[in-house]
Amino acid sequence: MLKDFIACDGTSIPAVGLGTWQSQPDDCYNAVRWALDEGYRHIDTAYAYGNESDVGRAIRDSGISREQIFVTTKLPSHIKDERGVEAHLIESLRNLRMDYVDMYLIHAPWPWAEIGKDCTEGNIIAWKTMLDLQLRGFIRCCGVSNFHPDEILSLIEATGYQPAVNQIRYFVGNTQPETTTFCQENGILVEAYSPLATGAILENGGLSQLAARYNVSVAQLCIAYCLHKGTLPLPKSVNQTRIRQNIEVDFQITDADIAYLDSLEGIGPYKRLRS
Ligand code: A2P
């Protein structure tokens, strides 16, 4: 049985979440239904994915009570003003047909169209607005995504409040050591999106051999690696068998094999990466 992660603010977060980036609406509905049937209690979506309403409908139709399911959604990356933050959260809640979200993340420190742009001021405004919306009961837990340490520090310096999580692109060979170490040393939970490198990692020969030794799939090996590293994996799948497989990851990897997996850092090339 996988243990929940406990965020620095005491929030309990189920260990493997279903990722829904690139899940088309109908596929997404089925994926969430299957995931909940298989025992997932954590679903990750975003306003930008265009599938919040399908996530919400699947949760309602599952018959599982809302309080038992941890739902994350995200503020679009180009929204950095107070009115925009509030309006987008309200729209996400309408899409989901929920009164609150368990986790609300700033999707990125800069608009996707302007990666790397300095949006410090806007991020601080967004962060303060989210903290206010949390006090008003619309959000249980606030966090960020794709943030570097200096971008997180500017939020903490401005408000005294640190994000509970930083959701980053994290998989074997791409563990963003500087950001991960900073977050983990400061009690910020790292969530791993694209833990399978959006599928590109699955054809790696070394990983296939190692997975065979554990009698698991490469996907299961990669998800277990994230857990071993103290990160919370969010594998995406719209296939029932694979959804089931991705939560059956309660096995230990030896220190020697972790060292081998660590040694793959930066080797690539993995295809189909987002940025
Ligand atoms: P599918 O949705 O058809 O299952 P990531 O989580 O890194 O974004 O990777 C998602 C990609 O990996 C998708 O293409 C997904 O395809 C595929 N995938 C997810 N789980 C598995 C699995 N257990 N085995 C093989 N492919 C998988």
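How far from an oxygen atom of the ligand does a polar side-chain atom of arginine 242 lie? I looked this up first and found 2.6 Å, which falls under the polar contact cut-off (a pair of N or O atoms within 3.5 Å).

Before going on, I noted that this is a predicted model, in which local features need pLDDT of at least 70 and side-chain atom pairs count only at pLDDT 80 or more, while totals for chains, interfaces and linings use all residues. Residues are numbered from 1 along each chain as its sequence is written, and side-chain values use heavy atoms, with hydrogens and water left out.

**Ligand contacts.** Serine 237 also places a polar side-chain atom 2.6 Å from a ligand oxygen atom, and for proline 195 I found a backbone N or O atom 3.4 Å from an oxygen atom of the ligand. On its own the ligand has 570 Å² of accessible area, of which the protein covers 82% (Shrake-Rupley method, 1.4 Å probe).

**Shell.** I listed 16 residues around the ligand, with Leu196, Thr198, Ser237, Arg242 and Gln245 the closest (a heavy atom within 4 Å). By class the shell holds seven nonpolar, seven polar and two charged residues, where Asp, Glu, Lys and Arg count as charged, Ala, Val, Leu, Ile, Met, Phe, Trp, Tyr, Cys and Pro as nonpolar, and the others, Gly among them, as polar.

**Pocket.** I then checked the space taken by the ligand, and it is the largest pocket (on a 1 Å grid over the protein atoms alone, an open set of points where a 1.4 Å probe fits, with protein on both sides within 12 Å along at least five of seven lines; lining residues have an atom within 4 Å of a point). Its lining comprises 25 residues, and Leu196, Thr198, Gly199, Lys236 and Ser237 lie nearest its centre.

**Backbone.** Finally, I noted that asparagine 215 has a positive phi near 60°.

Terms used
Polar contact = N/O pair within 3.5 Å; in protein donor to acceptor, adjacent residues only side chain to side chain. Sits in = over half its atoms within 2 Å of the grid points.
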